[in-house]
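Please find below a short note on the structure, set out as numbered points. Each point may be read with the sequence and the model side by side.

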Amino acid sequence: MQQPTYSYYKNLFEGKDFPLAYVDLDLLDNNIESIQKRVGHKKIRIASKSIRSTYILKHILQQNPIYQGIMSFTGKEALALLEEGFDDILMGYPIVNSKEIEGFCKATKEGKQAVLMVDNIRHFELIEKEALKHDMIQPVCIDVDMSSDYPGIHFGVYRSPINTLEKFKSLVDKAQQFSHVKIVGLMGYEAQIAGVGDASPFNGIKNSVIKFLKKISILELERRRTACVKYLIKKGLKPTLVNGGGTGSIDSTKKEDFVTEITVGSGFYSPALFDYYENFKFLPAAGYAVQIVRSPQKGMFTTLGGGYVASGSVSLDKQPKPYLPEGVQLTENEGTGEVQTPFYYNGKAPLQIGDPILFRHSKAGELCERFDSLHIISQGKIIDIVPTYRGKGWTFL
Ligand SMILES: Cc1ncc(COP(=O)(O)O)c(C=O)c1O
């Protein structure tokens, strides 16, 4: 599919107030199709943190039955989504707020599929208390750490303490004392495969080290996840949910027979950090436009705003990436600023004060925390303007 040009978006945004955020539905649909083809036969759970718009969540879920369920990032978000009619929600992270846990128990009792994430006996205790109150059995999923430790390198993220089969067995065995909590499966999120680019211009020689580590780590985590699933089966727990992966690990996670579903989030908008993977490329479906307000010297322009830097460790790749027109280069000293973003320009499209400049956020869903609406673009038209989570007054994190 041909990517739209600068003039395509410039014409669409003529007369609009800036800054504005948009989702190009034609590119998004292309990504939805590519992801589904890539995954093959497993179910795909949508990581809502990488979407943060109910309009887009519904849109993806409607495209193909392979898209089923949501991985939610806070208890309040999950309850708000359930309230709006979404179903099949898996918490991606443990929650410890008793009111939120109670909300899950109530939803389960009403027949919704709402599964909590656990990795500690304390989580079971908190859930048991609320489930007991409502005389019901609450399903939970155990988060198994999928990082790999090599001499001098912790390759992965710090999430669950359950990083060996022994620890998994011990937690499962201890959990048998709770009669109102049911283990329905496990999740292993291999962040070092899914969320770390191996072709990043910011990494230099480190890319080849990352590629090598990914290769050996994949083998290790397959063994770990499989051993844990087998233990649940041995205990007669019949796991129905084995979740793995993220956008960047589809190719390896789908090869594991026991995995029932793959979580995908970032691939839909395909933000800047997802340009830096060797094995796949999705299309830049989301972005934002800011407006040129001055020109400090020949060959330079300045936009109002633009500095929506992403979370995580502080590094240059967390800056927004200039997208269109081609030829925009940020200054080293100022980057994308809180109120002003100066840039050098050597592109072909003529620019003047008042013109829009398009950027892409380096992460996916965080874009929506900066805007209350998304301009939905399709076939050369803005077909809708829909609220982001923030626009609905939903500010969860
Ligand atoms: C538990 C879990 N699974 C999957 C993902 C993958 O999401 P994405 O496809 O946006 O990388 C994430 C993102 O952080 C996550 O926390």
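1. A definition is needed before the strands are discussed: two strands are said to pair if DSSP finds at least two bridges between them. The model under discussion is a predicted one.

2. Strand β2 covers residues 43-47, and β3 covers residues 67-72. These two strands pair in the parallel sense, with three bridges between them. Within this pairing, Ile46 of β2 has Ile70 of β3 as its bridge partner. Between the two strands the chain passes through helix α3 (residues 54-63), and the resulting β-α-β crossover is right-handed.

3. Strand β2 is also joined to β11 (residues 261-264) by four bridges, and these strands too run parallel. Here Arg45 is matched with Thr263 of β11 as its bridge partner.

4. Why may β2 be described as largely enclosed by the rest of the structure? Four of its five residues are buried, so the description follows. A residue counts as buried if 20 or more other C-beta atoms lie within 10 Å of its own.

5. Helix α5 (residues 98-109) merits a separate remark. Its twelve residues reach 16 Å from the first C-alpha to the last, close to the 16 Å expected at 1.5 Å a residue. Gly111 follows the helix and has a positive phi, near 100°.

6. Which residues of α5 are buried? They are Ile101, Gly103, Phe104, Cys105 and Thr108. The buried residues of α5 pack against two helices, α4 (75-83) and α6 (121-133), and against two strands, β5 (114-118) and β6 (138-144).

How values were computed
Residues numbered from 1 in each chain as written. Predicted model: local features only at pLDDT ≥ 70, side-chain atom pairs only at ≥ 80, totals over all residues. Expected span 1.5 Å × (residues − 1). Buried ≥ 20, exposed ≤ 12 C-beta atoms within 10 Å, placed from the backbone. Contact = placed C-beta atoms within 7 Å. Right-handed = clockwise from strand over helix to strand, strands pointing away.
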